[in-house]
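This briefing introduces a structure to a reader who has not met it before. The points below are grouped by topic, and each term is explained where it comes up.

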Amino acid sequence: MMRSFTPSLIKRDTLKKFVARIFGRSGKTRRNGVVLDAKKYGIRRELISAGSLRTVETLQQRGYHAFIVGGAVRDLLVGERPKDYDVATDATPDEVRQCFRRSRIIGRRFQIVHVMMGSETVEVTTFRGHQSGGSKAPTDSHGRLLRDNVFGSHKEDAARRDFTINALYFDPVAETIVDFHDGVADLKEKRLRTIGDPGTRYREDPVRMLRGVRLAAKLGFSIDPDARKPLRELAPLIGNVPSARLMDEVLKLLMSGRAVDCLENLRSEGLHKALLPLLDSSLDDLHSERFIRAALLNTDQRVRDKKPVSPAFLFGALLWHEVLNEWETLKNAGEAPFPSLFQAMNSVLEHQAGKLAITRRVAGDIRDIWSIQPRFEQRSGKRPYALLERSRFRAAYDFLLLRVESGDVPAEVGRWWTDFLDADAALRAEMLSSPPIAERPRRRRRRRRSATPSDRPESAESAVSVESTD
Ligand code: ATP
Ligand code: MG
């Protein structure tokens, strides 16, 4: 591992600036890494968080190499504000620990250090090494890396990262960028390239395929043709990734603020099948596709508005039409409406659980959201009040509005509930005593049928209308 013996930060800083100035774009100073003047690319140390700057400064003052790395550098270069900061260093986790009083080592297999700086937590990782496709790295029979936990040099650390634009290192003290794989050029060209052979890199870690799709959608980049080519063929390898890890990645994807684009890209590359097997048929159905699209557009807007997004709502929406289909089948087979709804919900969630680890809590929330839907049809007596008391009522109501938006449910039902929620006690009582609305759906259904193309054998509105048993 490399160590610097430059005694003071000042000297090191001055020297680095000097080198960067002399060599400009092509100064090969860090063992094949090109050192660039960060200011020329619009990055200055003032743009990074105080905590990450302090962390790097401290490590450098102690004689280590330290850089901001990965997503933060990439985001800064495209003019976006990073959401968090990762630091890469040649100090070992124990050495990092000794530099910061408020820090702790996380993880057993591959240790990283969380450095607490005020309210900020900076993740510090020791340079990792593994030669891509190297014979020493242990893999499963498909080439998936089973271990990735050896320390390495700066150059090796860059080589084990996934995409060229994610292997850029910003030194905020010297205000330079170290670029080992032409990542800055790729950023300029808005191009996503893997480091090394794409097929090998996806086999080592199939999650990289999903990361590629997410990053391309998030940044508005194109995936380089070479990096795109193996996706379809290797998509089934996603099935070998532990389901909890897959869940993390899918949530990142759905909450990226570009979920609609992500899903479209996943679909066009055939990557969605291994994640959400049930989604495949839903997306082939025009009607349910419209619903899923509305749900994801709504989510993207919420992310942009910095509003919270719930995984239960998202997965509930993605799988809703599968529940409706199964429910319909069960009812047609003569099962009672309510028990068969629960049977359908369980079967859909079980099928999905094999691929993605939907936690029990999230699954419980999804069930709540789904099971409230038929009850929105019941707008008399005390039932609407009871519904307001249900946990997840608010999410279920948002879900109802989505169903209205996608033409699943008459707009009048959504309006009624919106009015009911806004109303005071007297108005609520009046709404509940007004003439039964039960007549209306039948008339509306007839009108809607003539207005919409006959691509649906049956209106979903009727599919969720059941007599309450409670
Ligand atoms: P974002 O935080 O916006 O999701 P990111 O690129 O920062 O994007 P992280 O998961 O925070 O993603 O990872 C930080 C860095 O670690 C990445 O930029 C990349 O260099 C590296 N990395 C992450 N996941 C992988 C992977 N599966 N294979 C190789 N390198 C990876
Ligand atoms: Mg990140």
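In this predicted model, strand β8 (residues 168-171) is covered on both faces: Leu168 and Phe170 on one side, and Tyr169 and Asp171 on the other, are all buried. Buried means under 20% relative accessible area, exposed means over 50%, and partly exposed lies in between (1.4 Å probe, protein chains only). Helices (H or I, at least four residues) and strands (E, at least two) are DSSP runs, numbered from the N terminus. In a regular strand the side chains alternate between the two faces of the sheet.

**Basis of the values**

- Residues are numbered from 1 along each chain as its sequence is written, while chains are lettered from A and ligands numbered from 1 in the order in which they are written.
- The model is predicted, so local features need pLDDT of at least 70, side-chain atom pairs count only at pLDDT 80 or more, and totals for chains, interfaces and linings use all residues; side-chain values use heavy atoms, with hydrogens and water left out.

**The chain as a whole**

- The protein chain contains 23 helices and eleven strands.
- It has 470 residues, of which 53% count as buried.
- About 22,500 Å² of the protein chain is exposed, and carbon and sulfur atoms supply 49% of that area. Accessible areas come from the Shrake-Rupley method with a 1.4 Å probe; for residues, only the protein chains shown count as cover.
- Among contacts (heavy atoms within 4.5 Å) in the protein chain with a separation of 6 or more, 68% are between residues 24 or more positions apart.

**Strand β8 and its partners**

- Two strands pair if DSSP finds at least two bridges between them.
- Strand β3 (residues 66-69) pairs with β8 in the antiparallel sense over two bridges. Ile68 has Phe170 in β8 as its bridge partner.
- Strand β9 (residues 176-179) also runs antiparallel to β8, and four bridges join them. Here the bridge partner of Phe170 is Ile177 in β9.
- β8 and β9 form a hairpin with four residues between them. Glu175, in the turn, has a positive phi of about 55°.

**Asp157**

- Asp157 belongs to helix α5 (residues 154-159) and is buried, at 0% relative accessibility.
- Its side chain reaches the backbone nitrogen of Arg128 at 2.8 Å.
- The side chain of Asp157 also makes a polar contact with the side chain of Arg161 at 3.0 Å. A polar contact is a pair of N or O atoms within 3.5 Å; within protein, one must be able to donate a hydrogen and the other to accept it, and residues adjacent in sequence count only if both atoms are side-chain atoms.
- Apart from neighbours within four places in sequence, Asp157 is in contact with Ala88, Thr126, Phe127, Arg128 and Tyr169.

**Salt bridges**

- Side chains of opposite charge can pair when their charged atoms come close. A salt bridge is a side-chain nitrogen of Lys or Arg within 4 Å of a carboxyl oxygen of Asp or Glu, and by this rule the count is 18.
- Glu264 and Arg293 form a salt bridge, with their closest N and O atoms 2.6 Å apart. This pair links distant parts of the chain, 29 residues apart: Glu264 is in helix α12 (residues 259-268) and Arg293 in helix α14 (residues 286-304).
- Glu264 counts as partly exposed because its relative accessibility is 40%, and Arg293 is partly exposed at 36%.
- Arg267 and Glu289 form a salt bridge, their closest N and O atoms being 4.0 Å apart. Arg267 lies in helix α12 and Glu289 in helix α14, so this pair ties together parts 22 residues apart in sequence.
- Arg267 is partly exposed, at 28% relative accessibility, as is Glu289, at 23%.
- Arg74, Asp75 and Lys218 are joined into one network by salt bridges that share partners.
- Within that network, the side chains of Arg74 and Asp75 meet in a salt bridge at 3.2 Å, N to O. Arg74 is buried at 6% relative accessibility, and Asp75 is buried at 5%.

**Ligand 1**

- Ligand 1 is surrounded by 16 residues (each with a heavy atom within 4 Å of it). The closest are Arg74, Lys83, Asp205, Arg208 and Arg214.
- A polar side-chain atom of Lys83 lies 2.7 Å from an oxygen atom of ligand 1.
- An N or O atom in the side chain of Asp205 is 2.7 Å from a nitrogen atom of ligand 1.
- A backbone N or O atom of Asp162 is 3.3 Å from a nitrogen atom of ligand 1.
- Taken alone, ligand 1 exposes 590 Å², and the protein buries 85% of that.
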